[in-house]
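Trainee: I would like a close look at a single part of this model. Please pick one strand and follow its surroundings outward.

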Amino acid sequence: HRDLHSFPTRRSSDLAAIKENLLQYDVVENNLTEDKLTSSPFHKLLHSDMIAFFCCISQLKMEGVFIGFNMLELREEYIKIGELWLNNDGDELYIKPHEASVYFHDIEKKQIHVINKSFNSFIENDLSRFVSENV
């Protein structure tokens, strides 16, 4: 059992939405320092909502979900932020620089589409729903 109330939070609603779905094997880390954030080449590319999220949760790992600051990777015009195994193991989550939208990359169909135009809404609604349906 983890006590998420001990985490320093800037957006408690992000943590509250995720907290309900945490299980024994889930990993939630909050080890992103301001130096590490500001020295990253991605710092200037991330929307403020994503920066706030990564300051609260630097890594989120659950059944079929992995989102982490350490996973950030340029993919043509996108930035990979993690994986969401919706249709296939390894399906990916993308964002675009300076945008709040979250994109889903179906690796088998080689298709990318918007999941949600709001990162916060994605975390609070889509991600919570995915986790609760897949546990």
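Mentor: What follows starts with the whole chain, then turns to strand E5 and its surroundings.

First, the ground rules. This is a predicted model, in which local features need pLDDT of at least 70, side-chain atom pairs count only at pLDDT 80 or more, and totals for chains, interfaces and linings use all residues. Residues are numbered from 1 along each chain as its sequence is written, and side-chain values use heavy atoms, with hydrogens and water left out.

Now the frame. The protein chain has 4 helices and 8 strands. Helices (H or I, at least four residues) and strands (E, at least two) are DSSP runs, numbered from the N terminus. In sequence order the pattern is α-β-α-α-β-β-β-β-β-β-β-α. Of the 135 residues, 48% are buried. Buried means under 20% relative accessible area, exposed means over 50%, and partly exposed lies in between (1.4 Å probe, protein chains only). The accessible surface is about 7,200 Å², with 48% of it on carbon and sulfur atoms. Those areas come from the Shrake-Rupley method with a 1.4 Å probe, and for residues only the protein chains shown count as cover. Take the contacts between residues at least 6 apart in sequence: 43% of them join residues at least 24 apart. A contact here is a pair of heavy atoms within 4.5 Å.

Now E5 itself. The strand spans residues 78–84. E5 is largely enclosed by the rest of the structure, because 7 of its 7 residues are buried. In a regular strand the side chains alternate between the two faces of the sheet.

Next, its partners. Two strands pair if DSSP finds at least two bridges between them. E5 pairs with strand E3 (residues 65–68) in the antiparallel sense, over 3 bridges. There, Gly82 of E5 is the bridge partner of Ile67. E4 also runs antiparallel to E5, joined by 3 bridges. In that pairing, Arg75 stands opposite Tyr78. Strand E6 (residues 92–95) is antiparallel to E5 as well, with 4 bridges. Glu92 in E6 is the bridge partner of Glu83.

Look at the turn into E5. The hairpin of E4 and E5 has 2 residues between the strands. Glu76 sits in this loop, after strand E4 (73–75). Its phi is positive, about 55°, although Glu76 is not a glycine. Glu76 counts as exposed, because its relative accessibility is 77%. Lys110 has a positive phi of about 55° too, and is not a glycine either. Lys110 lies in the loop between strand E7 (102–106) and strand E8 (111–116). With a relative accessible area of 69%, Lys110 is exposed.

Back to E5, and to a lysine within it. Lys80 lies in this strand. Is Lys80 buried or exposed? Lys80 is buried, because its relative accessible area is 6%. Its side chain makes a polar contact with the side chain of Glu83, at 3.4 Å. A polar contact is a pair of N or O atoms within 3.5 Å; within protein, one must be able to donate a hydrogen and the other to accept it, and residues adjacent in sequence count only if both atoms are side-chain atoms. Beyond its neighbours within four places in sequence, Lys80 is in contact with Met71, Leu72, Glu73, Arg75, Glu92, Leu93 and Tyr94.

Now the core. The largest nonpolar core has 31 residues, and Leu46, Phe54, Val65, Ile67, Leu72 and Leu127 have the most contacts inside it. E5 supplies at least two residues to this core, as do H3, strand E2 (59–62), E3, E6, E7 and helix H4 (119–133). Such a core is a set of buried Ala, Val, Leu, Ile, Met, Phe, Trp, Tyr and Cys residues joined through side-chain atoms within 4.5 Å.

One contributor is worth a look: helix H3 (residues 48–56). H3 is largely enclosed by the rest of the structure, because 7 of its 9 residues are buried. These are Met50, Ile51, Ala52, Phe53, Phe54, Cys55 and Cys56. Leaving out residues up to four places away in sequence, Phe54 touches Leu32, Leu46, Ile67, Gly68, Phe69 and Leu72. Ile67 is thus shared ground: a contact of Phe54 and the bridge partner of Gly82 in E5.
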